[in-house]
Amino acid sequence: MSILERVQTFLLQSLGWSIDIHQPTFEAKLKRICKELSFDVLQPCVESLQERETDSKTIEAFARQFSVGESYFFRNLQFYEYFEHTVIPKIVQKNERTLFIWSVGCSSGEELYSIAMILKNSILDIGMWKLYLLGTDVNPHAISQANSGVFTKFSFRQTPKHYMHYFKADNGSYKIAPEIKKMVQFRYHNIMSEPSSCLPPDAQRFDLILLKNVLIYFDSESAKTVANSLFHLLKEGGYLATTPAEYGEGVFNFPHSKYLPDACMIQKEFKPHEEIIIPKNEPEIIESVIENLLESVPKPKPQELQLDEKSKQSCYYDALKLLKIGDSEGAKVYLRHALYCDKNLVMAHILLGNILKKEQKLESAKKHINNAKTILIHMPPQEVVELSDGIMASDLLFMINSIKGEEFE
Ligand SMILES: C[S@@+](CC[C@H](N)C(=O)[O-])C[C@H]1O[C@@H](n2cnc3c(N)ncnc32)[C@H](O)[C@@H]1O
């Protein structure tokens, strides 16, 4: 494999991008990346990519050079009109006063700020709502621009006049009003990695995820994976907004789509709650333990807990509930979030290991089961394992060690 092909593979695996290595500026960009990563010559820099796969500094360096971050306010105007006149009234009707929105690949933030301005204009008591408006991007430069809230005239090519009062002109640039800025938050995140760190508080899901003008450089397999994992993070009735440009064949294989001239709204269907389907294949590992838990999911006592504790517990119980209705994809998201809150949560490791084993992802399954074993070995034998419904560490360790077969050895 040539040096350039190695870089191409790295970009595909780490960022999902299918980039033409023959484009004239490719090598020049690569040289700049090597310099940023403190290499004098290309060869050792490229050879080190394999080991640096998960190193965010490397990903950031590539994103800075290769990502195309053009954005402007109210881009794909028909989408914003649909959001304002169709989506918002439905959300207001629910009378829950909560709203969770994620702009994926937000670039310099114009997309999320446009949403915030619409909300401010159309919901009178928006100040009383629990809002989580998150923008993420893999390009750290774009994120710092978004956080600055300062824009040039190129960001305003499609902005309806009645939103201009939210900007203050200053020496050729325009600063967004503090009342809009405080509604949003921006963060670095690579959409090819776990989305759990982006989940809304209290293990909620999203009302709307914007995935506009992002997948254009993705290969179709990575695009499908991203589309699926985001769709999964929607509430029932929630929307995934995308554009015709990235609507490649088979990428968005979901029903309930509304095609607008410049956008596509995919709505997650409402499930009739009485039709709960019990999965045919019961979990195999320590079946009795997990079954007991599924039978009587105890309620956490939120008022006695710290925020992190509350979110790890509620994630864990939500995962159990999802598993009960056969939604193992959803269960995995919540278990990973629980482990993000507490990497020593034995029961989450065991449950995740079990799901992964059923999916034949034996290496990852083994990793979680071994984590659980290591944690248990270091616990006092008589100590009751958290969230296990009263099982002592030594007993749980014994159960894991006596799983039939040597599947995890
Ligand atoms: C063309 S901009 C679109 C901005 C905005 N969504 C819009 O429609 O105006 C595409 C953005 O997607 C981001 N992006 C590309 N790949 C990404 C990835 N793997 N994870 C997160 N963001 C990514 C790029 O850095 C870039 O800022």
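## Tyr340 and its contacts

Tyr340 sits in helix α12, which spans residues 328–341. The model is predicted, and the details below are read from its atoms. Around Tyr340 there are 18 other C-beta atoms within 10 Å, so the residue is partly exposed. Partly exposed is the class between 20 or more such neighbours, which is buried, and 12 or fewer, which is exposed.

Leaving aside neighbours within four places in sequence, Tyr340 is in contact with Ser196 and Ser197. Ser196 lies 144 residues away from Tyr340 along the chain. Even so, the C-alpha atoms of Tyr340 and Ser196 are separated by 7.7 Å.

## The nonpolar core

The largest nonpolar core has 104 residues. Ile209 and Ala338 have the most contacts inside this core. Helix α13, residues 346–358, provides the largest share of the core, with eight residues.

Ile209 has contacts beyond its neighbours within four places in sequence. Trp102 and Val104 are two of these partners. The others are Leu230, Leu233, Leu234 and Leu240.

## Strand β7 and its partners

Strand β7 covers residues 206–210. Is this strand enclosed or open? Five of its five residues are buried, so β7 is largely enclosed by the rest of the structure.

Strand β7 pairs with two strands described here. With strand β1, residues 98–104, the pairing is parallel and runs over three bridges. Ser103 stands opposite Leu210 of β7. With strand β8, residues 234–242, β7 is joined by four bridges, and these two strands also run parallel. Here Phe206 has Leu234 of β8 as its bridge partner.

## An open antiparallel sheet

Another sheet is open and has three strands, in the order β3-β5-β4. Its pairing is antiparallel. Strands β3 (150–151) and β4 (167–170) stand at the edges. Each has a single partner strand, so one side of each is left without a neighbour in the sheet.

Strand β4 pairs with β5, residues 173–176, over four bridges in the antiparallel sense. One opposing pair is Asp170 and Ser173, the latter in β5.

## Two residues with positive phi

Most residues other than glycine have a negative phi. Which way does phi of Asn171 point, positive or negative? Asn171 is not a glycine, yet its phi is positive, at about 55 degrees. This residue is found in the loop between β4 and β5. Asn171 has 5 C-beta neighbours inside 10 Å, so it counts as exposed.

Ser107 also has a positive phi, near 55 degrees, and is a residue other than glycine. Ser107 is found in the loop between β1 and α6 (110–122). Is Ser107 buried or exposed? With 26 other C-beta atoms within 10 Å, Ser107 is buried.

## Around the ligand

Ser107 appears again at the ligand, as one of the closest residues. The other closest ones are Ser67, Gly69, Ser71 and Gly105. In total, 24 residues surround the ligand.

What classes of residue make up this shell? Nine are nonpolar, nine are polar and six are charged. The shell draws on two domains: at least three of its residues come from each of domain 1 (3–66) and domain 2 (77–267).

Key:
Residues numbered from 1 in each chain as written. Predicted model: local features only at pLDDT ≥ 70, side-chain atom pairs only at ≥ 80, totals over all residues. Near = placed C-beta within 6 Å. Nonpolar A, V, L, I, M, F, W, Y, C, P; charged D, E, K, R; others polar. Domains from an automatic or database assignment. Core = buried A, V, L, I, M, F, W, Y, C linked by C-beta atoms within 7 Å. Contact = placed C-beta atoms within 7 Å. Pairing = 2+ DSSP bridges.
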